[in-house]
Amino acid sequence: MPDTYILGIESSCDETAAAVVRSGEQVISNVVFSQIATHRPYGGVVPELASREHLRAILPVVRTALAEAERSYETVDAIAVTRGPGLPGALLVGISFAKALAYALDKPLIAVNHLEGHIHAVLLEERQKGNRDVPFPLLALVVSGGHTHLYLAEQRGQSWTYQNIGHTRDDAAGEAFDKVAKLLGLGYPGGPVIDQLAPHGNPQAVRFTFAQIKHRDRQQRGAAPERPHFDFSFSGIKTAVLRYVETHHMQRVIDARRAVLAEIPKPTTEDVLRVSDPMTLDLVASFQNAVIGDLAEKTLAAARAYDAATLFVTGGVAANSELRRRFEEQAAQQGLPVFFPSRPLSTDNAAMIAAAAYPKFLSHDFAEPELSAEAGAQLR
Ligand code: KG4
Ligand code: ZN
């Protein structure tokens with residue numbers, strides 16, 4: 001099989017990204033233009049601004065990815081693009097650009113589900129390291145700003161299928177990090193800030209509990225029993241943090257911190273630490289400890305229930321240091337190999353989109369010319 005070069009394009013949220021990946025196993029170039037600076041003053045992603053920024057960035061980002069890969073438009077074999085899930089306007093920028101390219105160059109267009117991309121980020125890097133033997137069944141926790149999903153992944157020939165066995169009922173885990181950081185005046189995005197601050201606080205200082213989500217018994221009389229679902233819920237902990245702030249009269253300190261940090265264009269961890277009192281640090285450490293504890297407990301229970309042979313943890317929140325430590329420790333106790341993407345491939349990027357497109361390229365699973373954004377795309 002000759003080498004195949006796929007140009008991947010990703011624009012589902014607040015990163016405009018393009019990458020060239022060889023045969024699903026070697027990152028040749030990987031360019032990510034982050035819009036964090038645009039959205040920081042609002043403490044979250046503003047969809048209209050995201051679309052506008054994608055439109056501005058898409059051409060230079062794609063050109064840079066090709067230049068760094070020393071490829072031309074003519075010497076890539078296919079164009080892959082994220083079809084969803086994500087922000088509709090943001091997705092449309094990448095999709096329109098990819099469709100125009102594929103049409104003008106007469107190259108195949110491949111549509112990729114963003115969550116499948118996060119899973120393939122891990123496979124890509126394992127192959128890059130020479131590890132081609134990932135034992136099945138494979139359980140993947142995709143945990144990011146928009147998603148907290150558990151999938152059982154299977155490969156039959158070139159085609160991959162996914163079964164969802166758990167998801168968040170409300171907020172995604174990364175969304176909880178972002179909202180808690182915002183309400184504590186710690187800035188945006190919240191995940192990396194909380195990751196850096198948490199080691200300075202006591203993770204046992206505040207106790208948070210998670211509701212155990214009960215499932216209706218979906219078993220039909222006479223039918224084979226359904227296997228369990230492992231669902232998450234992260235909106236309650238955000239409310240619990242807010243209540244703690246109110247009952248401990250923290251608002252004045254928070255407002256003062258927010259005002260100081262608003263004056264700094266790109267605050268460093270030291271800047272944030274300087275304006276973080278011990279009570280805030282304890283609260284942050286306890287919050288992170290509780291969220292990670294819940295993610296690890298349910299994911300490892302799911303791995304046992306489905307006899308998973310391998311665990312992948314991927315998506316923006318998988319960049320979290322304490323999360324990696326905890327999953328490694330608990331998976332080892334269970335004798336379960338756990339894999340994470342490198343930090344640059346944990347958060348949104350286009351290398352993962354180009355990698356997930358490779359098996360589709362081999363099986364000629366190309367997108368229809370009418371391809372459009374699918375904001376709520378499901379992974380199956
Ligand atoms: O995968 P991603 O880049 O975008 C989505 O598909 O959502 O994930 C972004 C999310 C944000 O919520 C961000 O706060 C979180 O990932 N995140 C982290 C860390 N780095 C990014 N959460 C916890 N710890 C981190 N180190
Ligand atoms: Zn993502």
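In the predicted model, ligand 1 is engaged by backbone as well as side-chain atoms of the protein. A polar backbone atom of G174 lies 3.2 Å from an oxygen atom of ligand 1. Two side chains approach nitrogen: an N or O atom in the side chain of D195 is 2.8 Å from a nitrogen atom of the ligand, and a polar side-chain atom of N320 is found 3.0 Å from a nitrogen atom of ligand 1. On its own, ligand 1 has 550 Å² of accessible area, of which the protein covers 90%.

The shell around ligand 1 comprises 17 residues, and those that come nearest are G145, D178, D195, N320 and D348. Classified by residue type, this shell contains ten polar, four nonpolar and three charged residues. At least two shell residues are supplied by each of helix 4 (114-128), helix 5 (173-183) and helix 6 (190-197). Because residues of the shell are contributed both by domain 1 (5-134 + 344-362) and by domain 2 (166-215 + 228-336), ligand 1 lies between these two domains.

D348, one of the residues that come nearest to ligand 1, also takes part in metal binding. The zinc ion (ligand 2) is coordinated by NE2 of H114, NE2 of H118 and OD of D348, at 2.0 to 2.1 Å. Along the chain, the donors of the zinc ion follow the spacing H-x3-H-x229-D. H118 belongs to helix 4, whereas D348 is situated in the loop between helix 12 (343-346) and helix 13 (351-362); the pair therefore ties together parts of the chain that are 230 residues apart in sequence. The angles subtended by the four donor atoms around the zinc ion range from 94 to 147°, which makes the arrangement irregular. For four tetrahedral donors, the ideal angle at a metal is 109.5 degrees.

Several backbone features are also noted. Most peptide bonds are trans, and most residues other than glycine have a negative phi. A cis peptide bond, with omega of about -5°, joins G84 and P85; P85 is placed in the loop between strand 4 (78-84) and helix 3 (88-105). F136 and P137 are likewise joined by a cis peptide bond, for which omega is about -5°. The loop that holds P137 runs between helix 4 and strand 6 (138-143). S23, although not a glycine, has a positive phi of about 45°, and this residue lies in the loop between strand 2 (15-22) and strand 3 (26-34).

Key. Residues are numbered from 1 along each chain as its sequence is written. Chains are lettered from A and ligands numbered from 1 in the order in which they are written. This is a predicted model: local features need pLDDT of at least 70, side-chain atom pairs count only at pLDDT 80 or more; totals for chains, interfaces and linings use all residues. Side-chain values use heavy atoms; hydrogens and water are left out. A residue is near a molecule or strand if one of its heavy atoms lies within 4 Å of it. A polar contact is a pair of N or O atoms within 3.5 Å; within protein, one must be able to donate a hydrogen and the other to accept it, and residues adjacent in sequence count only if both atoms are side-chain atoms. Accessible areas come from the Shrake-Rupley method with a 1.4 Å probe; for residues, only the protein chains shown count as cover. Helices (H or I, at least four residues) and strands (E, at least two) are DSSP runs, numbered from the N terminus. Ala, Val, Leu, Ile, Met, Phe, Trp, Tyr, Cys and Pro count as nonpolar, Asp, Glu, Lys and Arg as charged, and the others, Gly among them, as polar. Domain bounds come from an automatic or database domain assignment. Donors are N, O and S atoms within 2.8 Å of the metal (3.2 Å for Na, K and Ca); water is not among the atoms, so sites may look incomplete. Four donors count as tetrahedral if all angles lie between 85 and 135 degrees; four count as square planar and six as octahedral if opposite donors are over 155 degrees apart and all others between 65 and 115; anything else is irregular.
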